[in-house]
Amino acid sequence: TAKFEYSWQWAYRERFEKAGITALLGSGFDPGVTGVFSAYALKHEFDEINYIDILDCNGGDHGYPFATNFNPEINIREVSANGSYWEDGHWVETKPMEIKRVYNFEEVGEKDMYLLHHEEIESLALNIPGIKRIRFFMTFGESYLTHLKCLEDVGMTSIEPIMFEGKEIVPLQFLKAVLPDPASLGPRTKGKTNIGCIFQGKKDGKDKKYYLYNICDHEKCYAEVGSQAVAYTTGVPAMIGAMMIMTGKWNKPGVHNIEEFDPDPFMDALNKWGLPWRENYDPVLVD
């Protein structure tokens, strides 16, 4: 069962440190690139970062009435769980999908996005000095949420085992088996993703805002690797993280989150390996 927090992995820190082994946590896009973006912003753009809003927009359309772009068990658990964000040194919990905002994403357009709990908030709150608030938003369409509400109402999103014809099954795992395989969505999916971080903080005593993000095209990803952009934006950063360790660019025995390392070689690799990043020094802020 997936755990949406880091404490059980952080518990291995001392053992890895004594063994001289570097363990890297969260090297997808979010968590992953979002942590690298945060480290890069702190190193090059700010003296102090006070606010981070992580925005994950998938503007893709796969044509199915209901399907998830990655592991349905993980995706549905994320969406149906309580949301949370970090503010003034503590967690603030919200009801599932309680906080909604509308944002106009470059090359995607205006989308509804909802505040979720996401594990990188946990590590960024510890590793980014001066932070006052971190939030994570993900976009969802009305059709997706309507289908999800129906599935919740009939118990299909539950992770509690039940007995069925003499066997114990988990409803959500059964649902995963009947939904379209995310790997099958590649040739059907059109549109783009837009994922990044909006930072607010101080530079030379003055207020500053800065948006660092990537736009990825589903059809171009499929033409290149036979998969859609959600898989591409997860797999490329995982490869880069492994490359950072294997080449010795990152070497810090222990168990570490990605923002604890020098972001520059990772940022260079993103540009080289298909996930070029963009900057906006006057972004529209999320209220």
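User: How many salt bridges does a search of the whole structure find?

Analyst: A search through the whole structure turns up 15 salt bridges. Keep in mind that this is a predicted model. The general idea is simple: side chains of opposite charge can pair when their charged atoms come close.

User: Okay, let's take one case. Which side chain meets Lys 43 in a salt bridge?

Analyst: That's Asp 262, with 2.8 Å from N to O. Lys 43 belongs to helix α3 (residues 33-44), while Asp 262 sits in the loop between β12 (254-257) and α10 (264-272), so this pair ties together parts that lie 219 residues apart in sequence.

User: Where does Lys 43 fall: buried, partly exposed or exposed? And what about Asp 262?

Analyst: Buried means under 20% relative accessible area and exposed means over 50%, with partly exposed in between. Lys 43 has 44%, so it counts as partly exposed. Asp 262 comes out at 36%, which makes it partly exposed too.

User: Let's try another one. Which residue forms a salt bridge with Glu 106?

Analyst: Look for Arg 278: the closest N and O atoms of the two are 2.8 Å apart. Glu 106 is in the loop between β5 (100-105) and β6 (109-115), and Arg 278 is in strand β13 (residues 277-280), so the pair joins parts 172 residues apart in sequence. Glu 106 is partly exposed at 34% relative accessibility, and Arg 278 is partly exposed at 29%.

User: What other side chain does Arg 278 meet in a salt bridge?

Analyst: Arg 278 also pairs with Glu 107, at 2.9 Å from N to O. Here again distant parts of the chain are linked: Arg 278 is in strand β13 and Glu 107 is in the loop between β5 and β6, 171 residues away. Glu 107 has a relative accessibility of 43%, so you'd call it partly exposed.

User: Which residues are linked with Arg 278 in a network of salt bridges?

Analyst: Glu 106, Glu 107 and Lys 192 are linked with Arg 278 in that network.

User: Now for empty space. How many cavities of 30 Å³ or more does the structure hold?

Analyst: The general trick first: rolling a probe the size of a water molecule over the atoms shows where empty space is left. This structure holds 1 cavity of 30 Å³ or more. The largest cavity has a volume of about 30 Å³.

User: Which residues line the largest cavity?

Analyst: Among them are Tyr 6, Leu 25, Pro 31, Glu 120, Ser 123, Asn 257 and Glu 259. The lining residues split into 4 nonpolar, 5 polar and 2 charged.

Methods: Residues are numbered from 1 along each chain as its sequence is written. This is a predicted model: local features need pLDDT of at least 70, side-chain atom pairs count only at pLDDT 80 or more; totals for chains, interfaces and linings use all residues. Side-chain values use heavy atoms; hydrogens and water are left out. A salt bridge is a side-chain nitrogen of Lys or Arg within 4 Å of a carboxyl oxygen of Asp or Glu. Helices (H or I, at least four residues) and strands (E, at least two) are DSSP runs, numbered from the N terminus. Buried means under 20% relative accessible area, exposed over 50%, partly exposed in between (1.4 Å probe, protein chains only). On a 1 Å grid over the protein atoms alone, a cavity is a set of points where a 1.4 Å probe fits but cannot get out, and a pocket is an open set with protein on both sides within 12 Å along at least five of seven lines; lining residues have an atom within 4 Å of a point. Grid points are joined across faces, edges and corners, and a volume is the space filled by probe spheres set on the points. Ala, Val, Leu, Ile, Met, Phe, Trp, Tyr, Cys and Pro count as nonpolar, Asp, Glu, Lys and Arg as charged, and the others, Gly among them, as polar.
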